[in-house]
Amino acid sequence: MIDLKLLEKDFDNIANKLKKKKVDENLLSNLKDKFSLLKSKKSILEELQAEQNKKSKLFPTYKKEGKDIALLKKELEENKKKIQDANEIVREIEEDLKQIALNIPNIPDDEVPKGEDEEDNIEIKKVGVLPQFDFTPKEHWDLDSEQNIIDFKRGVKLAKSRFSVLKGVGARLERALINYMLDFNKQRGFEEVVVPYIVNKDSLQGTGQLPKFADDLFKIENEELYLIPTAEVPVTNLFRDEILNEEELPIQLTAYSACFRKEAGSAGRDTRGMIRQHQFDKVELVCITKPEQSDEVFNKMVSCASDLLTSLGLPHRLVELCGGDLGFSAAKTIDLEVWLPGQNKYREISSISNTRDFQARRAMIRYKNGKKNLLTNTLNGSSLAVGRTLIAIMENYQKEDGSFDIPEVLQKYMA
RNA sequence: GGACAGAUGGGUGAGCUGGCUUAAACCACAUCCCUGCUAAGGAUGCGUAGGAGUGAUCCUACCGAGAGUUCGAAUCUCUCUCUGUCCGCCA
């Protein structure tokens, strides 16, 4: 959530920064005014409450001294009505304020490039050598036209479009990749956790998926529960409403989970193949840090994911997202895009974000710094999207007859 | 899913016949003092959020969550959530 005190103090600067994310300045000034209004109405309420408290305490002494309490009582009854009215006003403003504030995205870092959409993202570097073929490389669905590895037809039969079934080598490769990624991340200092795939509203609000992006989530009928769109939600919310010890930071975790997304806004995009599914596997990295640690940890996460791709022999590039393409909660994001020879394109396989204190403020994740409780920073990133890694292997390691090799590092996991 | 019991600060835990509670006490923790060595004792401080003030300090809210009764609620009433125990079901 946006820091309302900062908004009040430094309005022009923040409004200017949020232009990169296309936030309307009028909305922000409205928010700022509401915040000031709330403070003044609240102090009126508190004065009334103070009076009520003070005078209520007179009753025992009045009774002891045998004084008449009728007048005092009448006075307090009237004051009580004033309190109720004032309370109603404060509550309305608070509700209103919260609705606006929760829908304002994070402020991008200063060095985030300006831009509208993914066309304006900046390539930072390319890693690895593109594979050369003396035939025309195929897309993954053409490599497996019999659907012996990825069975899209039956996935649809079981659920609906954008679901699939992995079989044989496909199923084993998926599991091998998950295990390999978790082991790799562990070696880099990330501790593994296993978390629920269903979470409540508070958790989703903490990481920023709610209230704004309810349409992207699968909701459990008749319950305030949702399937997770990413392990980032449960893993980050592990520390919601907690005050951590300074010494335990940075916390560096990794988790495998299935992820569930409605893909509401992407009708018609990537309808073929494994790229965009309603259910997919992902190994995630989540870090909770002190603010001054988060840039260093961010870089560590990026190199972890990039080195993982390199170790699998997958050429890729690092791309810094421009303001317009940045996610709701992110202050800065670097995407890793893997080379898909069948598509002759780089495609996103990992997205690593520093949310600074945006999620921490929503989820109240703090740490004790001497006497003060300060907000942490939270970071998250994929390492990696497993299904996309699987097809990247199929396409990059393909042979003319449609078969493909398994990267060396995975072979012991396939035994 | 059914029955019963419970939810109080970092932990344990009293208060729960409404106002002498400003949430006791103990433990843990921090600083200091005394002592002088398989240790012991003492003093002070020690929840969260918001607000006012240069500051000491003061005000408001919070005893699982939300509503209600009352001049006044940790304490009474209702609803919900969660935890424990027993039963049922289940990998």
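How accessible is Lys-73: buried, partly exposed or exposed? Lys-73 counts as partly exposed, at 47% relative accessibility. Please keep in mind, as you browse these close-ups, that the model is predicted.

**Figure 1. Lys-73, a residue of helix α5, beside RNA strand B.** Helix α5 is where you will find Lys-73. Its relative accessibility of 47% places Lys-73 in the partly exposed class. Lys-73 is also one of the residues that come nearest to RNA strand B. For a landmark, look for Lys-55: the two residues are 18 apart along the chain, and 9.3 Å separates their C-alpha atoms.

**Figure 2. The protein surface around RNA strand B.** Here the view takes in the 20 residues around RNA strand B, of which Gln-49, Ser-56, Phe-59, Lys-73 and Arg-366 come nearest. Sorted by class, this surface has 11 charged, 5 polar and 4 nonpolar residues. Which part of the RNA strand faces this surface can be told from its atoms within 4 Å of the protein: 71% of them belong to sugar or phosphate, and the rest to bases.

**Figure 3. Polar side chains beside the RNA backbone.** Three residues are worth finding here. Gln-52 has a polar side-chain atom 3.2 Å from a sugar or linking oxygen of RNA strand B. For Asn-53, a polar side-chain atom lies 3.2 Å from a phosphate oxygen of the strand. In the side chain of Arg-91, an N or O atom is 3.4 Å from a phosphate oxygen of RNA strand B. Stepping back to whole elements, α3 (25-56), α4 (58-65), α5 (70-102) and β13 (365-369) each give two or more residues to the surface near the strand. Helix α3 has the largest share, with 7 residues.

**Figure 4. A tilted aromatic pair in helix α8.** The structure holds 6 aromatic pairs. One of them joins Tyr-180 and Phe-184, with ring centres 6.0 Å apart and 55° between the planes, which makes the pair tilted. Why are Tyr-180 and Phe-184 separated by about one helical turn? They sit 4 residues apart in helix α8 (residues 169-187), so about one turn of the helix lies between them. Both Tyr-180 and Phe-184 are buried. Add Tyr-413 to the view and you have one aromatic cluster made of Tyr-180, Phe-184 and Tyr-413.

**Figure 5. Phe-213 and Phe-328, an edge-to-face pair between two loops.** The ring centres of Phe-213 and Phe-328 lie 5.3 Å apart with the planes at 75°, so this pair is edge-to-face. Phe-213 belongs to the loop between α9 (201-207) and β6 (225-227), and Phe-328 to the loop between β10 (316-320) and β11 (332-340), so the pair ties together parts 115 residues apart in sequence. Phe-213 is partly exposed, at 30% relative accessible area, whereas Phe-328 counts as buried at 12%.

**Figure 6. Two lysines over aromatic rings.** In one view, Lys-32 lies over the face of Phe-11, 5.1 Å from the ring centre. In the other, Lys-219 lies over the face of Tyr-226, 5.7 Å from the ring centre.

**Figure 7. Ser-353 and its surroundings in strand β12.** Strand β12 (residues 345-354) contains Ser-353, a buried residue with a relative accessible area of 9%. The side chain of Ser-353 makes a polar contact with the side chain of Thr-333, at 2.7 Å. Leaving aside residues up to four places away in sequence, Ser-353 touches Phe-298, Ala-330, Lys-332, Thr-333, Thr-378, Leu-379 and Asn-380.

**Figure 8. Cis peptide bonds and positive phi values.** Leu-249 and Pro-250 are joined by a cis peptide bond, with omega about 0°. Pro-250 sits in the loop between β7 (242-245) and β8 (251-260). Another cis peptide bond joins Ser-383 and Leu-384, again with omega about 0°, and Leu-384 is placed in strand β15 (residues 377-385). Turning to phi, Glu-263 has a positive value near 55°. Glu-263 lies in the loop between β8 and β9 (279-289) and counts as buried at 17% relative accessibility. Met-364 has a positive phi too, near 50°. Met-364 occupies the loop between α12 (358-363) and β13 and is partly exposed, with a relative accessible area of 32%.

Terms used
Residues numbered from 1 in each chain as written. Chains lettered and ligands numbered in written order. Predicted model: local features only at pLDDT ≥ 70, side-chain atom pairs only at ≥ 80, totals over all residues. Heavy atoms only, no water. Phe/Tyr/Trp six-rings, centres within 6.5 Å; stacked < 30°, edge-to-face > 60°. Buried < 20%, exposed > 50% of the residue type's maximum accessible area, 1.4 Å probe, protein only. Lys NZ or Arg CZ within 6 Å of the ring centre and 35° of its normal. Near = heavy atom within 4 Å. Polar contact = N/O pair within 3.5 Å; in protein donor to acceptor, adjacent residues only side chain to side chain. Nonpolar A, V, L, I, M, F, W, Y, C, P; charged D, E, K, R; others polar. Contact = heavy atoms within 4.5 Å.
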